[in-house]
Amino acid sequence: MHARDSLDPRGSIWHFIAVHLRRYREAHGMSGQALGDLLGCDRSTVSRYESNTLKLKRDHAKIIDREWNTNGMFMDLIGFAERADEGDWLVNLADYEARATRIRMWETSVVPGLLQTRDYANAALTAGTNDDPDADLDRRMRRQASVFDKPRPPRVTAFLNWVVLAQQVGSPEVMRGQFAHLIELSKLPHISIRVVERHAGAHPGLDGSFKLLTVDDRDVAYTEAATRGRFLMDPYDVQEVAVSYDWIGDVAAPVGPSQALLVAELEKYA
């Protein structure tokens, strides 16, 4: 069995790089030798890149991004792999959120972290299995500040499943403060909050929460899971997430009715 056959692109960023290097090479109709000639190395080096027995070098990634017009995708992936230490996705998510000019999000069960009050975030974090909820809370508040506390904050659109409104997190006072915060956020010109109501029926968002972030004029997707999230960098994968997002938008309540739903929920905790 070839080493590349044992690669797990869903479990390792370096494996992801190796798999997609081969995928892009083949899509461009290039042999291993042809790519080696382009990079100024031998064919065996390309083979080792694609089997992850050798990690793709930055200078070679720059050439690939330029020649294949990937808008810096392979350089970004190497940055993820080097900074994340094979899995600390939250560090990279916060970095991308801070740099984003547009953030689109879909949340199935709780208020998105970027829109949480400190009390709501504290209640959510202390209810989990976090080893250090205080540190996680401070990190979440810093993430919010890096996104919103700057001269030109990003355009943010959030689709919230009806479960988000129905699920009580913390005390009634915590929920009252959270709904008041969402209402105020929804009035800002750069933030749109829309609710997918119970009667909306089945749609692709039922598969789980996700984000689309526009960074450096390029979209990346982030899908959430129970233990850690996963970035999608390939344009085809990002496009699939974008289509799901548009589909959810088709069934979400407009901004005005969504604000009315938030006000109604606030009044329940008055």
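**Entry 1: aromatic pairs**

I began with the rings and found 5 aromatic pairs in the structure. I note at the outset that this is a predicted model.

I looked up Tyr-24 and Trp-68 and found the ring centres 6.4 Å apart with the planes at 25°, so I entered the pair as stacked. The cut-off I needed here is that planes under 30 degrees apart count as stacked. Tyr-24 belongs to helix H1 (residues 13–27) and Trp-68 to helix H4 (residues 58–68), so this pair links distant parts of the chain, 44 residues apart. I checked accessibility and have both Tyr-24 and Trp-68 down as buried.

Next I took Tyr-24 with Phe-74. This aromatic pair is edge-to-face, with 5.7 Å from centre to centre and 85° between the planes. Phe-74 is in helix H5 (residues 73–84) and Tyr-24 in helix H1, so the pair ties together parts that are 50 residues apart in sequence. Tyr-24 and Phe-74 are both buried. I therefore wrote down Tyr-24, Trp-68 and Phe-74 as one aromatic cluster.

**Entry 2: charges over rings**

Which ring does Lys-55 lie over? I found Lys-55 over the face of Trp-14, at 5.3 Å from the ring centre. I also logged Arg-99, whose charged end sits over the ring of Tyr-96, 5.2 Å from the centre of that ring.

**Entry 3: H2 against H3**

I turned to helix H2 (residues 32–39) and helix H3 (residues 43–51). Their axes come within 8 Å and cross at roughly 105°. H2 and H3 are therefore roughly perpendicular to each other, since I count 65 to 115 degrees as that class. On the H2 side I listed Gly-32, Gln-33, Leu-35, Gly-36 and Leu-39 as making the contact, and on the H3 side Arg-43, Val-46 and Tyr-49. Sorted by type, the residues of this contact between H2 and H3 come to 4 nonpolar, 3 polar and 1 charged.

I then asked which residues of H3 are buried. They are Thr-45, Val-46, Tyr-49, Glu-50 and Ser-51. I traced what these buried residues of H3 pack against and got H1, H2 and H4.

**Entry 4: H2 against H4**

H2 also packs with H4, at an angle of about 110° and with the axes 10 Å apart. That makes H2 roughly perpendicular to H4. From H2, I recorded Leu-35, Leu-38 and Leu-39; they meet His-60, Ile-63, Ile-64, Glu-67 and Trp-68 in H4. The residues of the contact of H2 with H4 divide into 6 nonpolar, 1 polar and 1 charged. Leu-35 and Leu-39 are among the H2 residues in the H3 contact, and they appear here against H4. Trp-68 is in this H4 list and is also a member of the aromatic cluster.

**Entry 5: Arg-58**

Arg-58 lies in helix H4. Is Arg-58 buried, partly exposed or exposed? At 36% relative accessibility, I counted Arg-58 as partly exposed. Leaving aside its neighbours within four places in sequence, I found Arg-58 in contact with Met-75, Ile-78, Gly-79 and Glu-82. For Arg-58 and Ile-78 I noted a separation of 20 residues in sequence and 7.3 Å in space, C-alpha to C-alpha.

**Entry 6: positive phi**

I looked for backbone angles that stand out. Most residues other than glycine have a negative phi. H3 is followed by Asn-52, with a positive phi near 60°. Asn-52 lies in the loop between H3 and H4. At 18% relative accessibility, Asn-52 counts as buried, because the limit is under 20%.

The other residue I entered is Asp-216, which is not a glycine and has a positive phi near 55°. Asp-216 lies in the loop between strand S4 (210–215) and strand S5 (218–223). With 56% relative accessibility, I have Asp-216 down as exposed.

**Entry 7: the whole chain**

Last, I took the totals. I read 12 helices and 6 strands in the protein chain. The C-alpha trace spans about 70 × 40 × 40 Å along its principal axes. Of the 270 residues in the protein chain, 48% are buried. Among contacts between residues at least 6 apart in sequence, I found that 71% join residues at least 24 apart.

Terms used: Residues are numbered from 1 along each chain as its sequence is written. This is a predicted model: local features need pLDDT of at least 70, side-chain atom pairs count only at pLDDT 80 or more; totals for chains, interfaces and linings use all residues. Side-chain values use heavy atoms; hydrogens and water are left out. Axes are lines fitted to C-alpha atoms, for helices over the stretch in contact, and angles run from 0 to 180 degrees between N-to-C directions. Helices (H or I, at least four residues) and strands (E, at least two) are DSSP runs, numbered from the N terminus. Angles under 35 degrees count as roughly parallel, over 145 as roughly antiparallel, 65 to 115 as roughly perpendicular and the rest as oblique. Contact means heavy atoms within 4.5 Å. Ala, Val, Leu, Ile, Met, Phe, Trp, Tyr, Cys and Pro count as nonpolar, Asp, Glu, Lys and Arg as charged, and the others, Gly among them, as polar. Rings of Phe, Tyr and Trp (its six-membered ring) pair if their centres lie within 6.5 Å; planes under 30 degrees apart count as stacked, over 60 as edge-to-face and the rest as tilted. Buried means under 20% relative accessible area, exposed over 50%, partly exposed in between (1.4 Å probe, protein chains only). A charge sits over a ring if NZ of Lys or CZ of Arg is within 6 Å of the ring centre and within 35 degrees of the ring normal.
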